[in-house]
Amino acid sequence: MSSTNSERREKNAIPPRDDEAWDEVAAPGDDDHSDQIDRTIVVDSWLKAAATLSMRILVIGVAIFALWYVVRTFWGGVLPVILAIIVCTVLAPATTWMRKLGIPSALAALVSILIFFVGLGFLVSLIAPDIASHSQILYLQAVEGIQRLQLWAQGEPLNINPTDMESVVNDIASWLQEQAGAIAGGVFAGISTATSVIVTLGVVLVLTFFFLKDGHKFLPWLRKATGRRVGMHATELLTRAWSTLGGYIQTQAIVSFVDALFIGIGIAIVGVPMAFTLAVITFIAGFIPIVGAFTAGALAVIVALVSLGFTEAVIVLIIVVAVQQIEGNILQPILQSRAMNLHAVVILVSVSVGGGLFGLVGAFLAVPLAAMIAVVYRYIQDMTALQAGEKHADEITFVTREGEIIGNIREKESRQQRKAWREDLDWEPEEVPERQDFTRDDDGVSSHDATNKEQTSPPKWQADLAEKSKKDGAKVGKSIARMFDRMRRPKK
């Protein structure tokens, strides 16, 4: 009996491990999980990367906050510079044209500024008499309209007490005075209390003259001061920013002109007094996104209500809303997308934040600032794609010759940089496909689109890897077969 049990134990005993065969089986293959590492190492690497990224974001956030604090502290000195640059985007084309004709830079800048102020004075001379001649009439008509409204409210069916009506009118008048004060305060909120409006405008005028006179020398000086490499990047980036800012001013001018033209024609047909003046106010207010158009339209409706009556005011309201809807939903998105390539949500948020921080001046400057930030972001994206090898220099649209030169240099250097990065890693990262076209079969398993497979041939390294995997799989299969064959053999 004992001999039988011994034979049975020997038969069922696990044979000794063949180290050579076991090493072959333990080698990492396609269908096993032998190539493992402790997951704490993976989590630690993720946490280290997250901590590094968080620290960088924190440093960048502190730098942005410090910049905002400095700008807010010295806003009275920064504002004239910004306004002068915006004015220069309007006058620079004429100055450049005169300079190309051989006119000295100082004279060309002076002539441009004089033409600008002559045009502005001519416009004021046109609307000032119109306002002076109609203001007294509108005031009397407004008083008469309020009195008629009071009499109507005191009769059937409202039967409001005259004392209560007078109290309501006084409250409305007080509210309007407060709002007028708030609006006036918002207009000048960006100007320091120590700096008067006249002084600020004088500084803007002087800065505009020098910017127009010597602006074309700035980029060569910058390249010389910062070095050729940094200077070429700065030239490309600042030229893009300048073109975008000029495009924004031109876009707003076109949109405001269309608003003023059609609203002016509409209210003139209705018979609203000061139609030309209201059109000019609409044009000027159009440079403040969203808020300006609403304010100018409300003013036109109020004038129509006071001078003509309720029915004509409703007609003017319909005209204003129709023109602004067509302009806001069709014309402005097309023009601004070409000039700045900004989404409407970005524009709305920018105006809200700028107005909340710096009043109406901030609302006016918010969209150009957002456009400048977008220009910097897109340039960084272009350089990153060039450095990563995702794009070639000829696939990026440069606006300057310096940008093309530095782009080609960066492309050549990036090849060596990518090679150095791979050597530092000591391993070749897997290539992530650019397009993720997936379909699902009946079992819900993801697979690449068959059409995409037929159209796109795999790269050479991928084909070599697949061939090597097949050979390794066959080798592992043979090793497993040999191991089980040894296990089945009777022990000698």
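Let me begin with the contacts in this chain: among those with a separation of 6 or more, residues 24 or more positions apart account for 68%. I should say at once that this is a predicted model, and everything that follows is to be taken in that light. The chain has 492 residues, of which 26% count as buried, and its secondary structure comes to 16 helices and two strands.

I will organise the talk around helix H9, which spans residues 228–270, and take its partners in turn.

First, helix H8, residues 218–226, which packs with H9 at an angle of about 150°, the two axes being 7 Å apart. Since an angle over 145 degrees counts as roughly antiparallel, H8 is therefore described as roughly antiparallel to H9, and the crossing of the two is right-handed. On the H8 side the contact involves Phe218, Leu219, Leu222, Arg223 and Thr226, and these meet Arg228, Val230, Gly231, Met232, Ala234, Thr235, Leu238 and Thr239 of H9. Sorted by class, the residues of this contact divide into seven nonpolar, four polar and two charged.

One of the H9 residues in that list deserves a closer look, namely leucine 238. Leaving aside neighbours within four places in sequence, leucine 238 is in contact with Phe218, Leu219 and Leu222. Is leucine 238 buried or partly exposed? Its relative accessibility is 38%, so leucine 238 counts as partly exposed. There is also a separation across the sequence to mention here, in that leucine 238 and valine 376 stand 138 residues apart along the chain, while their C-alpha atoms are 9.0 Å apart in space.

Staying in H9, we come to arginine 240, which lies in this helix. With a relative accessibility of 12%, and with the limit for buried set at under 20%, arginine 240 counts as buried. Which residues does arginine 240 touch, if those up to four places away in sequence are not counted? They are Val375, Tyr379, Asp382, Ile396, Thr397, Phe398 and Val399.

That list takes us to another part of the chain, where glutamate 395 is found in the loop between helix H13, residues 344–388, and helix H14, residues 401–425. Glutamate 395 has a relative accessibility of 47% and so counts as partly exposed. Its C-alpha atom is separated by 9.6 Å from that of aspartate 382, the two residues being 13 apart along the chain, and aspartate 382 is itself one of the residues touched by arginine 240.

Next, the packing of H4 with H9, where the angle is about 80° and the axes are 9 Å apart. That angle makes H4 roughly perpendicular to H9. The contact is formed by Ile85, Ile86, Cys88, Thr89, Val90 and Ala92 from H4, together with Trp242, Leu245, Gly246 and Ile249 from H9. In terms of class, there are eight nonpolar residues, two polar and no charged ones.

The remaining partner I want to show is helix H10, residues 275–285, which packs with H9 at an angle of about 160°, with the axes 8 Å apart. H9 and H10 are therefore roughly antiparallel to each other, and their crossing is right-handed. H9 contributes Ala253, Ser256, Phe257, Asp259, Ala260, Ile263, Gly264, Ile267 and Ala268 to the contact, and H10 contributes Ala275, Leu278, Ala279, Thr282 and Phe283. By class, this contact has ten nonpolar, three polar and one charged residues.

Finally, the nonpolar cores. In soluble globular proteins, nonpolar side chains tend to be buried together. The largest nonpolar core in this model has 18 residues, and of these Trp75, Leu342 and Leu365 touch the most other members. Which elements give two or more residues to this core? They are helix H4, residues 75–100, along with H9 and H13, and the largest share, eleven residues, comes from H13. Leucine 365 touches Trp75, Leu79, Ile82 and Ile86, again not counting residues up to four places away in sequence. Apart from this core lies another, of 13 residues, among them Ile263, Ala275, Ala313 and Val320. Two of the residues just named, Ile263 and Ala275, also take part in the contact between H9 and H10.

Technical notes
Residues numbered from 1 in each chain as written. Predicted model: local features only at pLDDT ≥ 70, side-chain atom pairs only at ≥ 80, totals over all residues. Heavy atoms only, no water. Helix = DSSP H or I, 4+ residues; strand = E, 2+ residues; numbered from the N terminus. Buried < 20%, exposed > 50% of the residue type's maximum accessible area, 1.4 Å probe, protein only. Axes fitted to C-alpha atoms, helices over the stretch in contact; angles between N-to-C directions. Parallel < 35°, antiparallel > 145°, perpendicular 65-115°, else oblique. Left-handed = near helix turned anticlockwise from the far one by under 90°. Contact = heavy atoms within 4.5 Å. Nonpolar A, V, L, I, M, F, W, Y, C, P; charged D, E, K, R; others polar. Core = buried A, V, L, I, M, F, W, Y, C linked by side-chain atoms within 4.5 Å.
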